[in-house]
Amino acid sequence: MSRLVLIFAAFAGSLAVAAEPPKPNIVFIVGDDMGYADVGFHGCKDIPTPHLDALAKSGTRFTNGYVSGPYCSPTRAGLLTGRYQNRFGHEFNPAGGQQGLPTTEVTIADKFKAAGYRTALVGKWHLGTGERHPQKRGFDDFFGFLGGAHDYFNPNGILRGTEPAGDKTYLTDAIARESVAFIDRNKDRPFFLYLAFNAVHTPMQADDPRLAKFASIKDPTRRKYAAMMSAMDDAVGQVVSKLKDAKLTEKTLVAFISDNGGPTMTGTTTNGSSNAPLRGSKRTTLEGGVRVPFVVSWPGTLPAGATDARPVIQLDLHATALGASGLGVKPDAKLDGVDLLPFLTIRKTETPHAALYWRFGQQMAIRKGDWKLVKYDLAAEGGKGTSAAKLYNLADDIGEATDLAAKEPARVRDLQAAWDDWNKGNVKPLWGGGKAE
Ligand code: CA
């Protein structure tokens, strides 16, 4: 080969490298059954969450961040597919057997794996077993458990891949260790880490050193909850600090949400959480069930220390991750989520969604602008059945206290019609209500 050809080959090679998209790493962190009030960046006083607060400060905190359901499994199905789970019948928690994320759906892990990312789930799956095992749904690596809840001290059911992990470490600490190890193994290539804590879901189990830190909290359930939150916060700190040590901070988009609101009503997995100032609980379409802490951080690319009041939903994290990685959203993907990056980077001023929608059995909700129409489970206030349609203006009534339905019948009709139109694109639930996990 002549010297000229060699020079040309080297030049072409460097061009090819320059044209490669940056392929940042993606880390989705999901808390379980957290109360809206229970993070420092929402004003929590009795449980310090310094690492979550630092994460929020390093990026954008959405003050109107939602999940697409009030229950564990449906919102995870929405996150991983970027679609309202009602589109494919994943309305309730699966109860075992053949129930789980339909294999017709493509997960975000499938997409990242196909694009050459190394992919891992560390923690809770809750989307089915057998052919729905995480390693059949796009995840190269898996450490955690397949169901909706797990003992924090008993290793039975904790798997590495498909084999018992035999791990006796307090589960939240084990999840931290495995997440850090995954980042370390893959620091030289793009990765997608889905870090799904079971904290602070029941059973209420905490380790003694952390419990001792919260001896001043009188209520024993709240004390355990505080210790479990603290363990999760420590784990987030370890992950963020590992990214920093590996010089990956500016090459990694980290998102944090809770999978649903705090379970505060009888009949749910009550854990000592607080959703104040929101009304309602996990298992309801009131704000307390579906409005959650919501952070997106990508230092150097997204603004730091920002808050954004535009309503967003966890479905958006799917599209945002695809946008960030340069994979983009395929026109036939039928995503309901929106890539949030243009709204954050070039400060696109529109709101990402004309409206957000919820359906959970007989319960429903739609939020359009500041207005919310909702039919909710009356068990939230000790009653039975589902409420009539109530109308709230969240701009000055975040606690959904003043029903304006009688005063604004035209607005009620408009919102109901918009919800009915959305609901035409949904299917019947593939299975029933299942357990309150
Ligand atoms: Ca949950």
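User: Angles run from 0 to 180 degrees between N-to-C directions, with axes fitted to C-alpha atoms. With that settled, which strands does helix 9 lie across?

Analyst: This is a predicted model, to be clear. Helix 9, residues 315–324, lies across strand 1, strand 9 and strand 10. Helix 9 runs at about 165 degrees to strand 1.

User: What's the strand order in the open sheet of 10 strands?

Analyst: The order is 7-6-5-4-8-1-9-10-2-11. Pairing in this sheet is mixed.

User: Which strands stand at the edges there, and why is one side of each left without a neighbour?

Analyst: Strand 7 (163–164) and strand 11 (306–308) stand at the edges. Each has a single partner strand, so one side has no neighbour in the sheet.

User: Back to strand 1. Is its pairing with strand 8 parallel or antiparallel?

Analyst: Parallel, over 5 bridges. Strand 1 covers residues 25–31. Within that pair, Phe28 stands opposite Tyr194 of strand 8.

User: Now the other sheet. How many strands form the one that starts its order with 13?

Analyst: There are 4 strands, in the order 13-14-15-16. The sheet is open, and its pairing is antiparallel. Strand 13 (356–360) and strand 16 (390–393) are the edge strands, pairing on one side only. From one strand to the next, the twist averages 10 degrees.

User: How many bridges join strand 13 to strand 14?

Analyst: There are 5 bridges, and the two strands run antiparallel. Strand 14 spans residues 363–368. As an example, Leu356 has Arg367 in strand 14 as its bridge partner.

User: How is the chain divided into domains?

Analyst: Domain 1 takes 23–344 and domain 2 takes 356–423. Their centres, taken over C-alpha atoms, are 27 Å apart. The contact between them uses 26 residues from domain 1 and 24 residues from domain 2.

User: Pockets next. How much space lies in the largest pocket?

Analyst: About 230 Å³. It is lined by 13 residues, and the closest to its centre are Pro22, Lys23, Arg189, Pro190 and Lys251.

User: And what's that lining like by class?

Analyst: The lining of the largest pocket has 6 nonpolar, 6 charged and 1 polar residues.

User: How many cavities of 30 Å³ or more does the structure hold?

Analyst: It holds 1. The largest cavity has a volume of about 40 Å³.

User: Which residues line the largest cavity?

Analyst: Among them are Phe143, Tyr152, Phe153, Ile158 and Leu171. Asp151 and Asp167 are on the list too, along with Asn154 and Thr169. By class, the lining has 7 nonpolar, 2 polar and 2 charged residues.

User: Switching to the backbone. What kind of peptide bond joins Thr202 and Pro203?

Analyst: A cis one, with omega about 0 degrees. Pro203 sits in the loop between strand 8 (191–196) and helix 6 (208–213).

User: What about the bond between Ala276 and Pro277?

Analyst: That peptide bond is also cis, with omega about 5 degrees. Pro277 lies in the loop between strand 9 (252–258) and helix 8 (287–290).

User: Is phi of Arg283 positive or negative?

Analyst: Positive, near 80 degrees, and the residue is not glycine. Arg283 is in the loop between strand 9 and helix 8, where Pro277 is found too.

Conventions:
Residues numbered from 1 in each chain as written. Predicted model: local features only at pLDDT ≥ 70, side-chain atom pairs only at ≥ 80, totals over all residues. Heavy atoms only, no water. Pairing = 2+ DSSP bridges. 1 Å grid on protein atoms, 1.4 Å probe; cavity = no way out; pocket = protein on both sides within 12 Å on 5 of 7 lines; lining within 4 Å. Points joined across faces, edges and corners; volume = space filled by probe spheres on them. Nonpolar A, V, L, I, M, F, W, Y, C, P; charged D, E, K, R; others polar. Domains from an automatic or database assignment. Contact = heavy atoms within 4.5 Å.
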